[in-house]
Each structure stands twice: as structure tokens, then as C-alpha cells.
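Reader: Could you walk me through this one, question by question?

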Amino acid sequence: MNTDKIILSVATTGSWASKAQHPGLPTAPEEIAQAAVESWREGAAIVHVHARDEAGKMTCDLARFRRIKELIRAQGCDLLINFSTSGGAGRVDEGERFNSLAAGPELASLDAGSMNFNQRVFLNPPDFIEELARRMLAAHVKPEIEVFDSGMVGNALTLVEKNLIQPPLWWQFVLGVRGGAPATARDLVHLVESVPAGSLWSVCAVGRHQLPMNVLAIAIGGHARTGLEDNLYYRRGELAQSNAQLVARLARIARECGREPATPQEARAMLGLGDSPMA
Ligand code: ZN
């Protein structure tokens with residue numbers, strides 16, 4: 001059995017859900033920071049952040065990303081901060097998607113290919129992802145390589161061959177999105193076997209697939225992402241109380257399986273990142 005420490009990520013908000021669907025969805029910077037800190041106390045090492053505007057709509061506004069980071073750090077919280085560059089899957093111009101890098105996250109998402117995303121087209125053409133990787137490298141931001149199907153692994157490896165992404169590679173397999181790979185054990189194992197030796201990988205899955213795919217990752221030596229971005233429910237018919245509640249359950253299960261959640265500092269070492277920003 002794998003007993004390595006597990007890196008737990010919390011994706012607090014995303015760019016899709018609304019307070020109408022879940023009144024506890026954090027959208028204001030203060031709410032997102034609070035959800036991050038509470039999740040950290042329950043065992044999360046990474047927070048994956050999307051910003052929302054005053055009306056709760058997704059935004060790439062740099063000031064909002066900066067504010068969220070400041071509020072997290074102001075609470076003495078050393079979580080690894082991962083800013084989204086997804087732009088809400090086709091809802092903003094490519095250029096705006098670079099904005100969050102200027103806020104100095106340690107990690108940022110790099111969506112490694114284009115796809116149909118539910119009813120939208122999520123465009124991540126080769127020149128865009130190459131430019132994104134270049135900017136991340138220049139800004140010392142480590143890419144979290146988001147992979148929605150196995151073809152995207154090859155797209156990312158093209159960037160690795162150009163030395164635009166440095167090892168250790170950090171993959172996030174996003175399963176169960178309509179248009180991407182389904183959330184099955186077979187698909188996850190196929191993706192795990194598709195990435196180079198020495199990679200670290202995590203899995204998240206949408207809706208009811210979230211927990212089973214997280215548990216599978218615990219069992220087979222991966223890392224796991226939970227949170228309201230991917231799933232609003234604790235169990236069928238029952239909304240989750242909070243992001244922290246989802247993290248607490250995952251940490252509990254991981255510990256029962258012999259996998260202690262990594263602290264942010266331990267996760268930094270595993271990902272080849274530098275010292276804590278709090279030091
Ligand atoms: Zn996201």
C-alpha cells in the first residue's frame with residue numbers, strides 16, 4: 001500500500017456555480033480567503049482560486065486575485081496558492097487569462113488543450129498554451145497541468161520538450177466533464193500511465209464522481225482535489241456545508257488509509273518549489 005504523504009487541494013469557487021445553487025459558495029475575496037484558511041486547517045496544502053466580481057460573475061481582475069492572496073496571508077496561512085488561468089472556459093479573451101500571474105501565485109493552472117466543455121468550446125490552442133507556459137516560467141509560477149483527456153498529455157509534453165515546463169511535473173486530471181474523459185478507474189489509470197516517470201499527479205472529478213475518484217487516488221498513490229468548484233454536494237441530495245467539510249472528509253479517509261496530508265511546506269518540497277512565502 002502506498003503510504004506517501006498526500007497533497008490535498010481545495011478548489012473553493014470555480015467560475016460556474018452561483019450562490020443561487022449553493023448559498024455558501026464563496027465569491028467575495030473575503031469569503032474565498034476564509035474558505036481557503038478553513039480548508040488549510042483541515043489539511044489542504046493548495047488552494048485553487050477563481051476570482052468573482054461584485055455580482056458574483058467570474059472575472060480575471062488582477063486586483064481581486066491580489067486581494068484574495070493578501071487576505072489569506074494576513075491570517076498567517078502558508079497555503080500554496082494556485083490561481084486559475086482558465087478564463088471561465090471561453091468567457092473572456094485570451095489576453096485577460098494571463099492577468100492572475102501578475103499577482104504572484106506559486107502555482108497556476110495551465111489547461112493543456114482545447115475541448116468541447118459542456119455546451120461551450122474551451123479554446124487552448126498551441127500558441128496560447130506555449131505563451132502561457134513562457135509567462136509562467138518567466139514569473140516563476142509552476143504550472144499545474146490540467147488534463148481533461150489523454151491527448152492533452154501530449155500537448156503538455158511538447159512544452160516540456162521545449163523546456164517551458166520544468167520537472168517535477170504536476171498534473172491535475174479533471175475527470176467527468178462532458179466533452180472530456182469520463183470519471184472511471186480505467187480512464188484515471190490510463191492517464192497515470194501516460195505521464196512521465198517522476199511526475200506527481202492529482203485528480204479531481206465533477207459532481208458525484210468527486211469522492212470516488214479522490215478515494216481511488218488515495219489508494220493508488222496520487223494526490224487529490226476536492227471543493228465546491230467541482231461538486232456542491234456532500235452526498236446525494238445534501239449540499240456540502242463548506243469547502244472545509246469536504247477537505248476534512250478527504251483528510252480523514254486519507255489518514256485511515258495511511259496517507260497523512262502534506263503540509264504546504266511539505267508539498268512545496270515535493271513540487272520542487274522554494275521556501276514558504278511566510279518565512
Ligand atoms: Zn478551476
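What follows is a set of questions and answers on the fold, the barrel strands and the metal site.

Reader: Before we start, what kind of model is this, and how are residues numbered?

Author: Residues are numbered from 1 along each chain as its sequence is written, side-chain values use heavy atoms with hydrogens and water left out, and this is a predicted model. Local features need pLDDT of at least 70 and side-chain atom pairs count only at pLDDT 80 or more, while totals for chains, interfaces and linings use all residues.

Reader: How many helices and strands are there in the protein?

Author: The elements are DSSP runs numbered from the N terminus, with helices being H or I of at least four residues and strands being E of at least two. Counted that way, the protein has 14 strands and nine helices.

Reader: What is the radius of gyration of the protein, and what does the globule rule give for 279 residues?

Author: The C-alpha trace spans about 45 × 45 × 40 Å along its principal axes. The radius is taken over C-alpha atoms, and the rule is 2.2 Å times the number of residues to the power 0.38. The protein is as compact as a globular protein of that length, because its radius of gyration of 17 Å is close to the rule's 19 Å.

Reader: In what order do the eight strands close into a barrel?

Author: Two strands pair if DSSP finds at least two bridges between them. The pairing in this barrel is parallel, and the twist averages 25° from one strand to the next. Going round, the order is β1-β2-β5-β6-β9-β10-β11-β12.

Reader: Which residues stand opposite each other where β1 pairs with its partners?

Author: β1 (residues 8–11) pairs in parallel with β12 over three bridges, and three bridges also join β1 to β2. On the β12 side, Leu8 has Ala224 as its bridge partner and Ser9 faces Arg225. On the β2 side, Val10 stands opposite Val47 and Ala11 stands opposite His48.

Reader: Are the residues on both faces of β1 and β2 buried or exposed?

Author: The cut-offs are under 20% relative accessible area for buried and over 50% for exposed, with partly exposed in between (1.4 Å probe, protein chains only). In β1, Leu8 and Val10 are on one side and Ser9 and Ala11 on the other. In β2, Ile46 and His48 are on one side, with Val47 and Val49 on the other. Both faces of each strand are covered, and these residues are all buried.

Reader: How many residues of β10 are buried?

Author: β10 runs parallel to β9, joined by three bridges, with Val147 opposite Phe173. Trp170, Gln172 and Val174 are on one face, and Trp171, Phe173 and Leu175 are on the other. The strand is largely enclosed by the rest of the structure, because the buried count is six of the six residues.

Reader: What angle does helix α9 make with β5?

Author: Axes are lines fitted to C-alpha atoms, for helices over the stretch in contact, and angles run from 0 to 180 degrees between N-to-C directions. Helix α4 (residues 126–138) lies across β6 and β9, at about 165° to β6. Helix α9 (residues 264–271) packs on the sheet, and its direction makes an angle with that of β5 of about 65°.

Reader: Which residue is 5.9 Å from Ile7 in space, C-alpha to C-alpha?

Author: Ile7 sits in the segment before β1 and is buried at 0% relative accessibility. Leaving aside neighbours within four places in sequence, its contacts (heavy atoms within 4.5 Å) include Ala45, Trp170, Leu200 and Met270. The residue asked for is 254 residues away in sequence, and that is Pro261.

Reader: Which residues are the protein donors of the zinc ion?

Author: Donors are N, O and S atoms within 2.8 Å of the metal (3.2 Å for Na, K and Ca), and water is not among the atoms, so sites may look incomplete. Here the donors lie 2.0 to 2.8 Å from the zinc ion and follow the spacing H-x1-H-x178-E. His50 lies in the loop between β2 and β3 and Glu229 in the loop between β12 and β13, so the pair ties together parts 179 residues apart in sequence. The donors are His48 (NE2), His50 (NE2) and, listed twice through OE, Glu229.
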